[in-house]
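Welcome, and please take a moment to turn the structure around on your screen. We will walk through it together, one part at a time.

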Amino acid sequence: MKVTSQQSVRRQGDVGRQSCGRADCACALPIGERFVLWAIRQWQHDRTLPTEGSALHGGFKVAGVLDALPDFAIAMDALFFGPRRILGVHLPTCSQVSRDEATIVALCGLAQGDHDGPLGASLDVLVVPSAARVAAERLKSFTATLGRAGLRLAPPAGEAGALIN
């Protein structure tokens, strides 16, 4: 990821919602969900631990959430090395959001919103039990750091579901 001085992470309220109108397009997602989607795709694309100078490291640093990177990396290991089936993740440049990507982003929303029951049940369906426990714990830590940085993933109180679904 090339970072220029003009790039910055904008919070959801900073920009009018622009969308192409496609239901499965990443352009309609709030900034927090876009960041998570980008990170998932970059993780799958790189297939290596993020080190200084890598796109993931740089992206987390620019977003001000570098200390969340270890929790994210461990959660992704659990999801991608312990799945019950192969997960469909697009290349970082793709505008379409796959069902598996939407599910992982929604899981992050559940983790950030402290919805432990639905988070655990969903992870149990997606990955083997030992991976589900690790993923839940690390997703909660990862998303808590995102929340402190202003990247909200969880729906406001009273909403039935995450924004991505």
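**A walk through the helices**

Let us begin with helix H5, which spans residues 116–126 and whose buried residues are Leu119, Leu123 and Leu126. These three sit on the same side of H5, because the arc they cover around the axis is only 60 degrees. Turn to the face pointing away from that buried side, and you will find the exposed residues Gly117 and Val125. What lies over the buried residues of H5? The cover includes helix H3 (69–81), helix H4 (99–112) and helix H6 (129–148).

Before going further, here is the wider setting. The model you are looking at is predicted. The protein has six helices and zero strands, so its order of elements, read from the N terminus, is simply α-α-α-α-α-α. Of its 165 residues, 44% are buried. Look also at which parts of the chain touch one another: among contacts with a separation of 6 or more, 64% are between residues 24 or more positions apart.

Now return to H5 and look at its partner H4. The axes of these two helices come within 9 Å and cross at roughly 150 degrees. That angle makes H4 roughly antiparallel to H5, and their crossing is left-handed. On the H4 side, the residues that meet H5 are Leu107, Leu110 and Ala111. Their counterparts in H5 are Pro118, Leu119, Ser122, Leu123 and Leu126. You have already met some of these names: Leu119, Leu123 and Leu126 are the buried residues of H5.

H4 has another neighbour to explore, helix H6. Here the axes come within 8 Å and cross at roughly 80 degrees, and H4 and H6 are therefore roughly perpendicular to each other. H4 brings Leu107, Cys108, Ala111 and Gln112 to this contact, while H6 brings Leu139, Lys140, Phe142, Thr143, Leu146 and Gly147. Leu107 and Ala111 of H4 thus take part in the contact with H6 and also meet residues of H5.

Next, follow the chain back to the loop between H3 and H4, where serine 98 is found. Is serine 98 buried or exposed? It counts as buried, with 11% relative accessibility. Setting aside its neighbours within four places in sequence, serine 98 is in contact with Gly88, Val89 and His90.

Another buried residue to visit is histidine 57, with a relative accessible area of 14%. It lies in helix H2, which covers residues 55–63. Leaving out residues up to four places away in sequence, histidine 57 touches Pro50, Thr51, Glu52, Leu66 and Leu69. Leu69 belongs to this list of contacts, and residue 69 is also where helix H3 (69–81) begins.

Finally, let us look at the cysteines. How many disulfides are there? The count comes to zero, with a disulfide taken as a pair of cysteine sulfur atoms within 2.5 Å. For cysteine 27, the closest cysteine sulfur is that of cysteine 25, and at 3.3 Å it is too far for a bond. Cysteine 27 counts as partly exposed, at 22% relative accessibility. The sulfur of cysteine 94 also has that of cysteine 25 as its closest cysteine sulfur, but the distance of 8.7 Å is too far for a bond. Cysteine 94 is partly exposed as well, with a relative accessible area of 27%.

Methods: Residues are numbered from 1 along each chain as its sequence is written. This is a predicted model: local features need pLDDT of at least 70, side-chain atom pairs count only at pLDDT 80 or more; totals for chains, interfaces and linings use all residues. Side-chain values use heavy atoms; hydrogens and water are left out. Buried means under 20% relative accessible area, exposed over 50%, partly exposed in between (1.4 Å probe, protein chains only). Helices (H or I, at least four residues) and strands (E, at least two) are DSSP runs, numbered from the N terminus. The arc is that of the directions from the helix axis to the C-beta atoms. Contact means heavy atoms within 4.5 Å. Axes are lines fitted to C-alpha atoms, for helices over the stretch in contact, and angles run from 0 to 180 degrees between N-to-C directions. Angles under 35 degrees count as roughly parallel, over 145 as roughly antiparallel, 65 to 115 as roughly perpendicular and the rest as oblique. A crossing is left-handed if the near helix is turned anticlockwise from the far one by less than a right angle, and right-handed if clockwise.
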